[in-house]
Amino acid sequence: MELLRKGLWRGIINEFREHLPEIRDDAIVTLKEGNTPLIEARGLKDILGEVRLLLKFEGLNPTGSFKDRGMTLAVSKAKEGGGKAVICASTGNTSASAAAYAAKAGMKAYVLVPEGSVALGKLSQAMIHGACVIEVRGSFDEALAMVKEITKRYPVTMVNSLNPFRIEGQKTAAFEVCEHLGHAPTYHFLPVGNAGNITAYWKGYKEYRDKGMVSSLPKMMGFQAEGAAPIVLGRPVANPTTVATAIKIGDPASWQGALQAKQESGGTIDMVSDAEILDAYRLVASREGIFCEPASAASIAGAIKMKRHGVLKDGDTIVCTLTGHGLKDPDTAIDTSTKPVRVSANMGEIIDVMGF
Ligand SMILES: *Cc1c(COP(=O)(O)O)cnc(C)c1O
């Protein structure tokens, strides 16, 4: 607990060093990621009943998503090994994070993104940080397959979550949840795309349990989007579709990790529709004051679905990870919200709109 109350947070590598792979001090590349808030959400009781709902808002990381936790370690390790360049395939947030950490490290970043499927904010980040952005006319899965080939042949380090240091860094979010609560939650809900994050959280929870930091484990509840639900269907999806572009993935790299988290924890991997995702997205924004990106809301949509199915009980402690910040994808916010009302510079018209 002490850790999180310290005035000067030093980033996840320094704060959780004894739980992470060894790394040389002078190789550490950090933007002070981690230490994100776990926010009590009381505004959804009419839907979720008397559960204790907490939102782990990972959108408040330096580049606006949880990817920074893994990227600090992956880029630091690349730097330690004398690497000069990193590469990733990305639905957006990995590329934003890789670009920022590579910039900080003085390294080159190459990012492959599926053309037309990356939210504007994420693309702008990769560009402003000076990454070489390559838009591939194809899917994320195709881009990732090419990244794997490229790293076999050329001197660039892959920083997708197939890089084990990504998972190691990301597991620290589970540590923070345990330290904030003083125990593990009953359920942990997450969106699932490439499935690295659910794999990482489960590893983190198990390690804290094994080290006696907490005595129980949560049930891991992963949610895919209906149009991109390979794990639920039990087969890859060739042309995934969903408004939640961060989880628009048809053949997840950490498929086995997700299944293991589900099986070992007694949890589930299920799916929610785009309509359910967008409802949850607007709900958490309008009732809790938290603007997350659409994919993030799959965790809340999942909790609502599980409540409907009678799985959640009053008194349960439920953590939903909100994986990324809503400003990443302003287009979806504008498309799915009530439009501004246009008036002339006239008091009467304005008061009329205000309804007084
Ligand atoms: C990457 C990402 C996901 C999916 O995480 P995986 O580890 O690929 O399952 C979900 N939401 C956001 C905002 C992301 O950036």
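Two residues are in contact when heavy atoms of theirs lie within 4.5 Å. Keep that in mind as you look through these views of a predicted model.

**Figure 1. The whole protein, seen through its contacts and overall dimensions.** Take the contacts between residues at least 6 apart in sequence: 71% of them join residues at least 24 apart. The secondary structure comes to 16 helices and 10 strands. The radius of gyration is 20 Å, close to the 21 Å that the globule rule gives for 356 residues, so the protein is as compact as a globular protein of that length. Measuring along the principal axes, the C-alpha trace spans about 65 × 50 × 45 Å.

**Figure 2. Inside and outside of the protein.** How much of the protein is made up of buried residues? Buried residues account for 58% of the 356 residues. On the outside, the protein exposes about 14900 Å², and carbon and sulfur atoms supply 53% of that area.

**Figure 3. Helices α13 and α14 crossing.** Two packed helices are described by the angle between their axes and the distance between the axes. Here the partners are helix α13, residues 274–288, and helix α14, residues 298–308. Their axes come within 8 Å and cross at roughly 105°. Angles of 65 to 115 degrees count as roughly perpendicular, so α13 is roughly perpendicular to α14. On the α13 side, the contact is made by Glu276, Ile277, Ala280, Leu283 and Val284. Ala298, Ile300, Ala301, Ile304 and Arg308 are the residues that α14 brings to the contact. Sort the residues of this contact by kind, and you get eight nonpolar, no polar and two charged.

**Figure 4. Arg24 in its loop.** Look for Arg24 in the loop between α2 (12–15) and β1 (38–41). Is Arg24 buried or partly exposed? Its relative accessibility is 44%, so Arg24 counts as partly exposed. Setting aside its neighbours within four places in sequence, Arg24 is in contact with Arg17 and Glu80. Another residue to find in this view is Ser76: Arg24 and Ser76 are 52 residues apart in sequence, and their C-alpha atoms are 8.8 Å apart in space.

**Figure 5. Thr268 and its surroundings.** Thr268 is found in strand β9, which covers residues 268–272. Buried means under 20% relative accessible area, and Thr268, with 18%, is therefore buried. Which residues is Thr268 in contact with, leaving aside its neighbours within four places in sequence? They are Met220, Met221, Gly222, Phe223, Lys262 and Met306.

Terms used
Residues are numbered from 1 along each chain as its sequence is written. This is a predicted model: local features need pLDDT of at least 70, side-chain atom pairs count only at pLDDT 80 or more; totals for chains, interfaces and linings use all residues. Side-chain values use heavy atoms; hydrogens and water are left out. Axes are lines fitted to C-alpha atoms, for helices over the stretch in contact, and angles run from 0 to 180 degrees between N-to-C directions. Helices (H or I, at least four residues) and strands (E, at least two) are DSSP runs, numbered from the N terminus. Angles under 35 degrees count as roughly parallel, over 145 as roughly antiparallel, 65 to 115 as roughly perpendicular and the rest as oblique. Ala, Val, Leu, Ile, Met, Phe, Trp, Tyr, Cys and Pro count as nonpolar, Asp, Glu, Lys and Arg as charged, and the others, Gly among them, as polar. The radius of gyration is taken over C-alpha atoms; the globule rule is 2.2 Å times the number of residues to the power 0.38. Buried means under 20% relative accessible area, exposed over 50%, partly exposed in between (1.4 Å probe, protein chains only). Accessible areas come from the Shrake-Rupley method with a 1.4 Å probe; for residues, only the protein chains shown count as cover.
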